[in-house]
Amino acid sequence: MAGERTAFGHHGSGGSIAFADRERGLSFALTRTRLVSPRSDTTARLLADAIRSAVA
């Protein structure tokens, strides 16, 4: 996830994503209540990037 060796996770269908980073003591998950195309919806990536930045 984002090139970090200490992180692991996976994106799911419909725009969901989950990952954990052992070095930062961080885990993140976003589940969607309706399916969206990952190409057209960047909500999960924007949230994950904002959280990573805040923790760094």
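## Aspartate 21, a hairpin and a nonpolar core

In this predicted model, the side chain of aspartate 21 reaches the backbone nitrogen of glutamate 23 at 3.0 Å. Aspartate 21 is found in strand S2, and because its relative accessible area is 4%, under the 20% cut-off, aspartate 21 counts as buried.

Strand S2 forms a hairpin with strand S3, with four residues between them, and glycine 25 in the turn has a positive phi of about 65 degrees. The two strands run antiparallel and are joined by five bridges; within this pairing, isoleucine 17 stands opposite leucine 30 in S3.

In a regular strand the side chains alternate between the two faces of the sheet. Along S3, Leu26, Phe28 and Leu30 point to one face and are buried, while Ser27 and Ala29 point to the other and are not buried.

The largest nonpolar core has seven residues, namely Ile17, Phe19, Leu26, Phe28, Leu30, Ala44 and Ala48. The elements listed here each supply at least two residues of this core, and S3 gives the most, with three residues.

| Element | Residue range |
|---|---|
| Strand S2 | 17-21 |
| Strand S3 | 26-30 |
| Helix H1 | 43-55 |

One member of this core, alanine 48, is in contact with Phe19 and Phe28 when its neighbours within four places in sequence are left aside. Both of these phenylalanines, Phe19 and Phe28, also belong to the core.

Definitions and conventions:
Residues are numbered from 1 along each chain as its sequence is written. This is a predicted model: local features need pLDDT of at least 70, side-chain atom pairs count only at pLDDT 80 or more; totals for chains, interfaces and linings use all residues. Side-chain values use heavy atoms; hydrogens and water are left out. A nonpolar core is a set of buried Ala, Val, Leu, Ile, Met, Phe, Trp, Tyr and Cys residues joined through side-chain atoms within 4.5 Å. Buried means under 20% relative accessible area, exposed over 50%, partly exposed in between (1.4 Å probe, protein chains only). Contact means heavy atoms within 4.5 Å. Two strands pair if DSSP finds at least two bridges between them. A polar contact is a pair of N or O atoms within 3.5 Å; within protein, one must be able to donate a hydrogen and the other to accept it, and residues adjacent in sequence count only if both atoms are side-chain atoms.
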